[in-house]
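Visitor: I should like to understand how the descriptive terms applied to this model are justified. Could we take them in turn?

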Amino acid sequence: MSDASSRPRASSVVPFGVLLAAVVLVSINLRPGASSPGPVLEEVRDGLGMSAGVAGAMTGLPGLCFGLVGAVAVGFARRVGMTAAVAIGLTAAAAGLLLRVTTDSVPVFLVLTVIALAGMAIGNVIVPAWIKARGHAVVLMTVYGTGLVVGGTIGSLLTAPVTQSTDSWRTGLGMWGVVLLVALPLWIGLALRERRSPVEHAVSGEAPPSGRIVHSRTAVGLTVLFGVQSMHAYVQFGWLPSIFRDAGISASAAGALQALLSAVGIVGALFMPTVIARSKGLHGWIWSYGVTLALGYLGLLVAPATVPWLWALLLGYSGLAFPTAIALITARTRHPSVTAQLSGFVQPVGYALAAIGPFVVGLIHDATGGWSLVIVLLALTSVPLTLAGLRVASPSYVDDEL
């Protein structure tokens, strides 16, 4: 495949500053809706009369929705255009987040949560391919990966304090819908402007190289890496504050510790795309992710409240596997069509795997009445994470494997 066939053609259509602003706005809004309920899960349960089982199921909704909706996101983008698909997703997310805090019904709250998460799922899958098609991939993927981590961090950090200061979990959760509204005008404007632009059809309509993505060993390895790390992310979003609170730590402090964990990923998101672009291999990085993941959970097992900041830092460092996996979606592909295909495979399958984790954690916790077995099982998953990461550590292209 020649370089000309994969050369982005949208840079001359949309100024780089507009592309940058669009990526910033979408990335910071794709995680708070998922990470914010964790720190105030007890308040939400009390306010809605939600059972522990339903709460456990709710913590698994992000991964489940990201997986199921992400699986059809590429096909949806082929119909409406990638920019329009992202704009529609953001609109659905904003509506879901704003409306769910107005109801006292658990089923309605869950349905609106699903709508919000479905909108975010579209952005998860489509934005990496959207970036690949428009050039400046390293810079924009750096911004995108960083924005995802920042969004997850502020969702964890601010929700509990706002809830406590206003004495309302509805305000704490609802404010993220207001933040998301800020992104809509620019993305809707881009969708209207680029509705008939060549780049939309080049990426969302052009046939990718022949071959099924599942036949690519790199794609499968990246999917497992992404899935295991995403499982940990959503277990931590949903249950880590509860683990800390059960150890005697306050709600605000537990939220801050979760935010500290997420904030470590900001540093990784800032430099991992550049590291990947310039490095001959990532083997040392992958080994360090697996080791710190196991050590972080071991600390939670033996002394959760002694030096909780250390366990949060270790788990946060292991979470650099997430910006690594996100950056590899573009770094391990040449053509934007393959990027879209890879993103549409890695993220839905990975998030489907991730959806199982929080739900199983809730079941085991209810059955045992404690966190010990949960933490041991989570620590053991450092093995598949490391093995999958080593498979994609060496430079290779999915295009070639297809």
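Guide: We may begin with α16, bearing in mind that this is a predicted model. Of the 11 residues of α16, 10 are buried, so this helix is largely enclosed by the rest of the structure.

Visitor: Which residues of α16 are the buried ones?

Guide: They are Ala321, Phe322, Pro323, Thr324, Ala325, Ile326, Ala327, Leu328, Ile329 and Thr330. Each is called buried because its relative accessible area is under 20%.

Visitor: Why is Pro37 called buried?

Guide: The relative accessible area of Pro37 is 12%. The term buried requires a value under 20%, and Pro37 is therefore buried. Pro37 is found in the loop between α3 and α4. Leaving aside neighbours within four places in sequence, Pro37 is in contact with Pro32, Met58, Arg100 and Leu173. The C-alpha atoms of Pro37 and Val149 are separated by 16 Å, with their positions 112 residues apart along the chain.

Visitor: What makes Ile28 partly exposed?

Guide: Ile28 has a relative accessible area of 24%. Partly exposed covers the range between the 20% limit for buried and the 50% limit for exposed, so Ile28 receives that term. Ile28 lies in the loop between α2 and α3. Beyond its neighbours within four places in sequence, Ile28 is in contact with Gly147 and Gly151.

Visitor: Why does Asp167 count as exposed?

Guide: The relative accessibility of Asp167 is 73%. Exposed means over 50%, and Asp167 therefore qualifies. The loop between α8 and α9 holds Asp167.

Visitor: What makes the backbone of Asp167 worth a remark?

Guide: Phi of Asp167 is near 55°, which is a positive value in a residue other than glycine. Most residues other than glycine have a negative phi. Asp167 takes this positive phi just after α8.

Visitor: How do you know that the span of α8 is close to what is expected?

Guide: Helix α8 comprises residues 137-166, 30 residues in total. The distance from its first C-alpha to its last is 41 Å, whereas 44 Å is expected at 1.5 Å a residue. The expected span is 1.5 Å times one less than the number of residues, and the value for α8 is close to it.

Visitor: Where does α8 bend, and by how much?

Guide: The bend is about 30° and is placed at Leu158. The angle is taken between axes fitted to the seven residues ending there and the seven starting there. A proline, Pro161, follows within four residues of Leu158.

Visitor: Why is an enclosed space called a cavity, and how many are there?

Guide: A space is called a cavity because a 1.4 Å probe fits in it but cannot get out. By this rule there are 5 cavities of 30 Å³ or more.

Visitor: What lines the largest cavity?

Guide: The largest cavity holds about 260 Å³ of space. Its lining has 18 residues, and Gln229, Ala233, Phe237, Ser262 and Phe322 lie nearest its centre. At least two lining residues come from each of α8, α12, α13 and α16. The largest contribution to this lining is that of α12, with 5 residues. By class, the lining of the largest cavity divides into 9 nonpolar, 8 polar and 1 charged residues.

Visitor: What lines the second largest cavity?

Guide: There are 14 lining residues, of which Ala34, Pro37, Met58, Thr59 and Pro62 lie nearest the centre of the second largest cavity. Two or more residues of this lining are given by each of α3, α5, α7 and α12. The space in the second largest cavity is about 120 Å³.

Visitor: What distinguishes a pocket from a cavity?

Guide: A pocket is an open set of points, whereas the probe cannot get out of a cavity. The largest pocket contains about 290 Å³ of space. Val138, Ile276, Ala277, Thr330 and Ala331 are the closest to its centre among the 17 residues that line it. The elements giving two or more residues to this lining are α8, α13 and α16.

Visitor: How do the residues lining the second largest pocket divide by class?

Guide: The lining of the second largest pocket has 9 nonpolar residues, 2 polar and no charged. α17 gives the most to this lining, with 6 residues. The second largest pocket holds about 160 Å³ of space.

Terms used:
Residues are numbered from 1 along each chain as its sequence is written. This is a predicted model: local features need pLDDT of at least 70, side-chain atom pairs count only at pLDDT 80 or more; totals for chains, interfaces and linings use all residues. Side-chain values use heavy atoms; hydrogens and water are left out. On a 1 Å grid over the protein atoms alone, a cavity is a set of points where a 1.4 Å probe fits but cannot get out, and a pocket is an open set with protein on both sides within 12 Å along at least five of seven lines; lining residues have an atom within 4 Å of a point. Grid points are joined across faces, edges and corners, and a volume is the space filled by probe spheres set on the points. Ala, Val, Leu, Ile, Met, Phe, Trp, Tyr, Cys and Pro count as nonpolar, Asp, Glu, Lys and Arg as charged, and the others, Gly among them, as polar. Buried means under 20% relative accessible area, exposed over 50%, partly exposed in between (1.4 Å probe, protein chains only). Contact means heavy atoms within 4.5 Å.
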